[in-house]
Each structure stands twice: as C-alpha cells, then as structure tokens.
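Let's walk through a protein model together, one feature at a time. Have the sequence and the 3D view open as we go.

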Amino acid sequence: MKTAQTLLLLFFLWSSGFAQRISKAEAIEDIDLLDKTIRAVHYNPFLFTSSFKYLQKVNELKRLLPDSIETRLFTLKVGEITGIIDDAHTAPNIIQSIFQADFRKPVFLPLTFVADKKGMTYSDGKLSQDIIPAGAKIISVNGISVPEFYKASALRVGGLRTYRNEIADKMMGYNLYLSGIRPPFKVVYRYQQKKVIKEIEKGAILRDIIGDAFPNLVNKPYSFNILNNKVAHIELNTLAGDYHPYLKFFDSCFTVIKQKNIKAVAIDIRKNTGGNSINADLLLGFFNSKKYTLSTGKSWKISQLYKDKLMKQGDSSNNYLKQPNNSIWQSRNCEPYDPKYTSEEAFFKGRVYLITGPMTFSSANMLADGVKQFKLATLVGESTGENTNDFGEGYRFQLPNSKISISVSTSLDFGANCNDDTKHPVIPDRYIETSYLDQIKGIDPVLQYILKN
C-alpha cells in the first residue's frame, strides 16, 4: 500500500507569524536540511541521476541566492533540487498551505491551460472564455514567456515526462503566482493569426484555476452519472482517506447500476493521483471475484527520522521500527490474493472499462497495474503517469525557515507482475489519446469510444 495521503494533499498549518521573505542564510539552512533529509530517508536518490549532477544543482542554487528571497519563489527553487532526483514522489507539496491566506483572494491568473507536444501553451476555455477565447496561444503574462515558464516548471517535477508535463500545465496559474505574477495581468496571445494584448484587472481564486484538474483538492473526490442511459461513469479522483465514505459511494453506484440494468461501467481515474490502496481493493470487490494483487512488495530505506515519525503517530508496533538504521528492508510476496471485499447485493457482471491517463499516479497507478496484469477490466485511454516499479511511502516534513512542506520517498515499490526489471507505465489495452485540440473543443474521445462499444 502506498501512503494514504499523496503529495497533492493540503496541509493546513497556517501560522500568523509566517514571514513572507527569508534571508539567504535561512534559505541555505533550509536547503542543507532538505539535502540531509533526502540522503537520510530516500531509498536511493541517485537511481535516476548522478550524485554529481544533484550536488551541482544544490551548490548552484545556494550560490545564486539573493540576500533575501520571497518564500513563494523559494518554493519553486526547492523544486529544482527535487526535480533533479527525477522521483515524482519527492517534491514540495503541490499546494503549500503556508500561502492559504491568498487562496480565497482573486490574485491568480484567471486562465487554465493546455499544452501541445511542442510545448506551446493555449487557453483551454474552461475559465474566463469571455476574456480570452479557447484555443488562443498564450505568449506571455506580465512579460514572462509562458512556453518557457511551462518548460521550466516541468523540470521541477520528477518522474515520467508525460506526468511532468501534465503537472506543469495544470499548475501553471499557481506556479505563476509563486513566481511573483500578480494582478493586473498583461496577457499577450495569438488568436486567428492576430496578436492581441489583453489587460485583466481582476484575478481568480485558487479553486477556480485548479478545481477541474485536481477535483480532489476542492472536495470532489468522486462523482457518478449515467451516460445516454447506457454507460455508468464513475469518476474516481482520489483514493485518499478513510475507507467508509468510499464503500458507501461504491455501494450506492453499483446499486443504481443494477437497478437500472446498465450493462457497462467506465471507471475514470485520469485525475487520480493516488491515496490509500485499500480503497482500490474495495472498488474491485464490486465487479471482480478473481485472485489478484496490486503490488508485490517494496524495498524500504530504514531511517531514524521515519521511525520517529511512526512513533509520533502512535504506530509503536510497526515492524519498520525493528530494522537497523541505514539498512534496506525488503518485503516481497508475488502470490495473488482473494478479493479483500466482495459485494453480494450490488455485484456487477457486465463490461468494465478503466480509463487511465498521464495523471494516473501512485495508488491509482497500482490499481491500473493490477487490473491490467490480472485482466480484471479493459483499460482504455493513455498510459499512466508512473512506472509500475517506482518510489513511494513519503516522509513528510517542513523546512524550518520557509515553512515549505516536503515529501521524500522512502521505498521502491514493485508492480503486480513481480518483475524487478519492468521499467514502463501501465499501457492501456486500447490506446486513445486526448489531444490538446480535443481538450480545447471539450471533446472526450475515450468516453465516445466506450459509448460506441
């Protein structure tokens, strides 16, 4: 099981005494603690990069720091260090709660973006289409080149290129805020072969610019509807949290499906960045009775820091605590198991589709991997955002001066096929790409395919 909370989870730890700027000495102290923590708890920070390249980035960042730096901008700088490791689980939290005083203020660029494969960025039309039309190519905001900013943002995220690009794209407005972009906004864009300069006086609040891409962050963990009286569409946007609400939700969905005699179910995890794999097991219990597994174990770095965290949480019986510090504790079990839960009254026997995409990550990636490996449903869409063998189990802490919340991986988790050499994401049975033009036009070719079949 990967950690029950993902790096997308909000940590509301606001302190009224928080300083918006820190000195160079304070920033260096935070960087040194980050480096020390990564070396202490990470399973292997140099699996995908060299220690030389990593240290070069750390020293470069410290050398180029000004006498003082705004904490928002420092958040982006810290991402340059974690991005070098190329582990998407090791990163500053995507939404930093230390800035929550601004979350309900209209200080964010009122645009949402989509990017093409060449790194060009466009308005997707989901927000403020009356201001800037859908499909407009965004050139700059307040003098900052948006395509260049997008490319730089992708380098601050680890993991697969497709996942990095999606996060950079969907977090564009928030990252521009971190970089110091404030209203009024001067947006330069090109539309219908004309270059336009648009002044926007008022911004949007945070939920408006991230709510569609990250519905779990705006209290929309899941939804259910029936398409054309033919296909039940379950959007499962997260797996984080206690299992009771999930069990209730799944039961209500499949009860309606049975009552209405629906023959096909589409479970959509394209916006699901993970959580608690137990909730994935519960979902499978409504349509699968075969043996399966979502993961075949992990190799775990043992550190005193993680032991202290477990003890602080009251987890004094964890076997992790019995292992010697600085060792690697491996637990493997390649045998599939019986379903952990099976619904009798609402069990579904029709066609099941699992829809995946480049933001299908962490425990959602495990769900897709297990379903593909054991043929529990038909996978459609795009490849997931993470390799089946990848990092997990985050150690979370806060940098003392900037108050930035960080997650660092402690384990290497193994996929459902129990092959240590597997180095690819979950590839769908039916690959259907949703292009940037599809997104601009509001077309969903995956759901169109399912409805036709």
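What follows is a short dialogue on how to read a predicted model.

Q: Where do I start with the inside of the protein: which residues have the most contacts inside the largest nonpolar core?

A: The general idea is that in soluble globular proteins, nonpolar side chains tend to be buried together. Here the largest nonpolar core has 53 residues, and Ile-95 and Tyr-174 have the most contacts inside it. Helix H3, residues 71–85, gives the most to this core, with six residues. Apart from it lies another core, of 37 residues, including Ile-269, Met-366, Ala-368 and Val-426.

Q: What is Tyr-174 in contact with, leaving aside its neighbours within four places in sequence?

A: Quite a crowd. Tyr-174 is in contact with Ile-94, Ile-95 and Gln-96, with Phe-99, Phe-103 and Phe-108, and with Leu-206 and Ile-209.

Q: How many cavities of 30 Å³ or more are there, and which residues are closest to the centre of the largest?

A: The count is three cavities of 30 Å³ or more. The largest cavity has a volume of about 270 Å³. Twenty residues line this cavity, and Pro-92, Ile-94, Arg-156, Val-157 and Asn-175 are the closest to its centre. You met Ile-94 a moment ago as a contact of Tyr-174.

Q: What kinds of residues make up that lining, and which elements each supply at least two of them?

A: By type, the lining of the largest cavity has 13 nonpolar residues, six polar and one charged. By element, at least two residues each come from H3, strand E3 (91–92), helix H5 (161–170) and helix H6 (172–178). Remember that H3 is also the helix that gives the most to the largest core.

Q: On to cysteines. Which ones are joined by a disulfide?

A: A disulfide is a covalent bond between the sulfur atoms of two cysteines. A search of the whole structure finds one. This disulfide joins Cys-334 to Cys-418, with an S to S distance of 1.5 Å. The pair links distant parts of the chain, 84 residues apart. Cys-334 sits in the loop between strand E14 (328–332) and strand E15 (351–356), while Cys-418 is in the loop between strand E18 (405–413) and strand E19 (430–431).

Q: Are these cysteines buried or exposed?

A: Neither, quite. Cys-334 is partly exposed, at 36% relative accessible area, and Cys-418 is partly exposed too, at 24%. Cys-253, on the other hand, is buried, because its relative accessible area is 1% and buried means under 20%.

Q: What should I look for in the backbone?

A: Most residues other than glycine have a negative phi, and most peptide bonds are trans. Cys-418 has a positive phi of about 60 degrees although it is not a glycine. Asn-326 has a positive phi as well, of about 70 degrees. Asn-326 is found in the loop between helix H10 (304–312) and E14, and counts as exposed at 63% relative accessibility. Then there's the peptide bond from Pro-183 to Pro-184, which is cis, with omega near 0 degrees. Pro-184 has its place in the loop between H6 and strand E8 (185–191).

Q: One last thing: how far apart are Ala-264 and Leu-451 in sequence and in space?

A: They are 187 residues apart in sequence and 9.0 Å apart in space, C-alpha to C-alpha. Ala-264 lies in strand E12, residues 264–268, and counts as buried at 1% relative accessibility. Leaving aside neighbours within four places in sequence, the contacts of Ala-264 are Lys-230, Val-231, Ala-232, Phe-348, Arg-351 and Tyr-353.

Methods:
Residues are numbered from 1 along each chain as its sequence is written. This is a predicted model: local features need pLDDT of at least 70, side-chain atom pairs count only at pLDDT 80 or more; totals for chains, interfaces and linings use all residues. Side-chain values use heavy atoms; hydrogens and water are left out. A nonpolar core is a set of buried Ala, Val, Leu, Ile, Met, Phe, Trp, Tyr and Cys residues joined through side-chain atoms within 4.5 Å. Buried means under 20% relative accessible area, exposed over 50%, partly exposed in between (1.4 Å probe, protein chains only). Helices (H or I, at least four residues) and strands (E, at least two) are DSSP runs, numbered from the N terminus. Contact means heavy atoms within 4.5 Å. On a 1 Å grid over the protein atoms alone, a cavity is a set of points where a 1.4 Å probe fits but cannot get out, and a pocket is an open set with protein on both sides within 12 Å along at least five of seven lines; lining residues have an atom within 4 Å of a point. Grid points are joined across faces, edges and corners, and a volume is the space filled by probe spheres set on the points. Ala, Val, Leu, Ile, Met, Phe, Trp, Tyr, Cys and Pro count as nonpolar, Asp, Glu, Lys and Arg as charged, and the others, Gly among them, as polar. A disulfide is a pair of cysteine sulfur atoms within 2.5 Å.
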